[in-house]
Amino acid sequence: GNGPLAEIDFWKERYSLLSTLYEQLKQPVVQTTLGILKAAGVPTFSNFEYHRGELAKYYSEAKDNVKFLGTLERHFKNVAHGANFAIVLDTIPAMMNSLRMVWVISRHYNTDERMVPLMERIAWELCERAARVVNVRTIFRETIPRIKESASLSLKMLELWKQAYLDVRKKIEQSGRDARWEF
């Protein structure tokens, strides 16, 4: 998927796979075998140790990302599946504040390289939501007042998204942190 829920799903699956490998390497039989290989001076042991360290790093990253993105999941579900625009409109400011907290606290979602694609996914989901309501193939089957209402609510949602982004960006800038939202 292209929406932000796909980002959460990616990290959940990655965490699941990496945690299985990580936990298997902690088993006593594996630890005993590794001790024997190290004591025997097997030349490839250092290469294995390097890769085990990389696995631990990726495991830790996935675990942290699942934890932090999990705090955003209900917001992302409201944006994608909320029953009406009122739910989405209520969700956007809280979602943006939660994104700011992730930006400030997370060790991995505190860079443009991670946050920009996530914000693009959110923007895509909001645009898809608007496009489903203001669908050029079906909109003219509606009454004029209903068309105006749908278009107006879609515009309001997108404007709120922009304003909430600018508000959070300003809060981040005022906090004096080095890492700012420059996207």
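Helices (H or I, at least four residues) and strands (E, at least two) are DSSP runs, numbered from the N terminus. This is a predicted model, in which local features need pLDDT of at least 70, side-chain atom pairs count only at pLDDT 80 or more, and totals for chains, interfaces and linings use all residues. Residues are numbered from 1 along each chain as its sequence is written, and side-chain values use heavy atoms, with hydrogens and water left out.

**Exercise 1. The overall build**

Find out how many helices and strands the protein chain has, and how spread out it is.

Solution. Start with the elements: the protein chain holds 7 helices and 0 strands. Reading along the sequence gives α-α-α-α-α-α-α. The radius of gyration (taken over C-alpha atoms) is compared with a globule rule of 2.2 Å times the number of residues to the power 0.38. For 183 residues this rule gives 16 Å, and the protein chain comes out at 23 Å, well over that value, so it is more spread out than a compact globule. As a last step, look at the box that the C-alpha atoms fill along the principal axes: roughly 80 × 40 × 20 Å.

**Exercise 2. The nonpolar core**

Work out which residues of the largest nonpolar core touch the most other members.

Solution. First, the terms. Buried means under 20% relative accessible area, exposed over 50%, and partly exposed in between (1.4 Å probe, protein chains only). A nonpolar core is a set of buried Ala, Val, Leu, Ile, Met, Phe, Trp, Tyr and Cys residues joined through side-chain atoms within 4.5 Å. In the protein chain, 33% of the 183 residues count as buried. The largest core has 37 residues, and those touching the most other members are Ile92, Met96, Leu99, Leu118, Met119, Ile122 and Trp181. Next, see where the core comes from: α1 (4-25), α3 (45-70), α4 (73-81), α5 (85-105), α6 (112-133) and α7 (144-175) each supply at least two of its residues. The largest share, 9 residues, belongs to α5.

**Exercise 3. Two neighbours of the core list**

Determine what leucine 118 and methionine 119 touch beyond four places in sequence.

Solution. Contact means heavy atoms within 4.5 Å. Leucine 118 sits in helix α6 and is buried, at 0% relative accessibility. Its partners are Pro4, Glu7, Leu69, Leu72, Phe76, Leu99 and Tyr109. Methionine 119 is in contact with Met96, Leu99, Trp161, Tyr165, Trp181 and Phe183.

**Exercise 4. Two residues of helix α3**

Decide whether alanine 62 and aspartate 64 are buried or exposed, then list their contacts.

Solution. Take alanine 62 first. This residue lies in helix α3 and is buried, with a relative accessible area of 0%. Leaving aside neighbours within four places in sequence, alanine 62 is in contact with Trp11, Arg14, Tyr15 and Leu18. The C-alpha atom of alanine 62 is 8.8 Å from that of serine 16, although 46 residues separate them along the chain. Now turn to aspartate 64, also in helix α3. Aspartate 64 counts as buried at 10% relative accessibility, and with the same neighbours left aside, its contacts are Arg107 and His108.

**Exercise 5. A loop residue**

Locate isoleucine 139 and find its contacts.

Solution. Isoleucine 139 is placed in the loop between α6 and α7. Its relative accessible area is 8%, so it is buried. Not counting neighbours within four places in sequence, isoleucine 139 is in contact with Val134 and Ile147.
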